[in-house]
Amino acid sequence: MSLKGKRVVVVGGTSGIGLATAKAFAEESAQVIIASRSASKLADAKRTLGDQVEGYELDFRDEGKLTEFFTKVGNFDHLVITAGDGAMGPFSELPVNAVKEAFDSKFWGQYVTAKAAVPYLNKAGSITLTSGVYGIRPPKGASTLASINSAIEGLVRGLAVDLAPIRVNVVSPGIVDTPIYAGMPDAQRDAMFDGIAGQLPVGRIAQPVDIGQSYVYLAKNGFTTGTSVLVDGGAHLV
Ligand SMILES: NC(=O)c1ccc[n+]([C@@H]2O[C@H](COP(=O)([O-])OP(=O)(O)OC[C@H]3O[C@@H](n4cnc5c(N)ncnc54)[C@H](OP(=O)(O)O)[C@@H]3O)[C@@H](O)[C@H]2O)c1
């Protein structure tokens with residue numbers, strides 16, 4: 001299925017996996033619309049992607065703002081959501097509020113965005129959400145992300161049935177070198193990346209482009225729905 005001229009919304013398309021995904025759709029000659037909270041990230045992303053890309057400021061946790069956003073966007077063909085914050089820490093020490101905030105962002109943000117998008121989405125189109133390998137293979141301290149990612153994958157199976165013929169899928173990345181780790185000291189981040197790369201069957205962590213291609217595949221493949229595409233370099237095996 002060609003994406004030429006198709007209108008694709010990428011919520012979270014200003015950084016990391018979302019930015020690489022927006023670029024991958026633009027390379028397929030789709031009309032790409034990106035959204036996130038920060039005006040400066042939007043401006044930088046538009047510089048990277050080119051002026052033909054539309055950009056909107058949006059906090060995807062805000063249902064009122066989502067309604068305004070999709071009214072402005074109008075009818076479109078494919079929705080991709082990569083926005084979302086998680087929380088890491090030992091179960092006994094991580095405050096419940098931090099866990100709830102992570103759910104408000106990564107789970108409920110994706111949920112309410114999909115809900116607000118449906119009236120504008122082409123019935124022959126698709127929705128692709130984002131989970132993560134910690135849903136099936138959590139290290140210590142990842143019980144929150146294990147829960148959120150599993151909940152997203154369950155939601156996708158339910159929505160694939162409820163929203164049919166709209167197809168609904170999820171991409172589950174392993175560790176990807178993105179600005180999500182920008183808060184870590186460089187040396188600590190590099191050591192973490194090297195340590196993980198050394199354990200993985202593929203011998204490296206992912207670059208955003210490795211993951212972006214999976215969203216394009218799911219938008220193009222009209223026979224795929226209710227499924228999770230795991231792109232983790234083999235992390236679930238080790
Ligand atoms: N990187 C990894 O190793 C990895 C592994 C597994 C899963 N994932 C998942 O992949 C997704 C993308 O991660 P990433 O690494 O690409 O992160 P990233 O580089 O930090 O990008 C996150 C994007 O989401 C936007 N965003 C965050 N909160 C938002 C909100 N409330 N409303 C609207 N936009 C929001 C950010 O822009 P603004 O700040 O402008 O809002 C940014 O564009 C996340 O769900 C993450 O959990 C990542």
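Biologist: Which residues are the closest to the ligand?

Modeller: Happy to look, keeping in mind that this is a predicted model. In all, 28 residues surround the ligand. The closest of them are Thr14, Ser15, Lys41, Thr178 and Tyr181.

Biologist: How much of the ligand does the protein bury?

Modeller: Let's begin with the polar contacts. Serine 15 places a polar side-chain atom 2.6 Å from an oxygen atom of the ligand, and a polar side-chain atom of tyrosine 181 also lies 2.6 Å from a ligand oxygen atom. Serine 38 uses a backbone N or O atom instead, 2.8 Å from an oxygen atom of the ligand. Taken alone the ligand exposes 890 Å², and the share of this that the protein buries is 93%.

Biologist: Which strands stand at the edges of the sheet?

Modeller: Good one to trace by eye! Seven strands form an open sheet with parallel pairing, in the order β3-β2-β1-β4-β5-β6-β7. Each edge strand has a single partner, so one of its sides is left without a neighbour in the sheet. The edge strands are β3 (54-57) and β7 (228-231).

Biologist: Which residue in β2 stands opposite valine 11?

Modeller: Strand β1 covers residues 7-11 and strand β2 covers residues 31-36. They pair in the parallel sense over five bridges. Opposite valine 11, in β2, stands alanine 35.

Biologist: Which helix runs at about 155° to β1?

Modeller: Two helices are worth a look here. Helix α1 (residues 16-27) lies across β1, β2, β4 and β6, running at about 165° to β2. The helix that lies across β1, β2, β3 and β4, at about 155° to β1, spans residues 63-73 and is α3.

Key
Residues numbered from 1 in each chain as written. Predicted model: local features only at pLDDT ≥ 70, side-chain atom pairs only at ≥ 80, totals over all residues. Heavy atoms only, no water. Pairing = 2+ DSSP bridges. Helix = DSSP H or I, 4+ residues; strand = E, 2+ residues; numbered from the N terminus. Contact = heavy atoms within 4.5 Å. Axes fitted to C-alpha atoms, helices over the stretch in contact; angles between N-to-C directions. Near = heavy atom within 4 Å. Polar contact = N/O pair within 3.5 Å; in protein donor to acceptor, adjacent residues only side chain to side chain. Areas by Shrake-Rupley, 256 points an atom, 1.4 Å probe, with all protein chains shown as cover.
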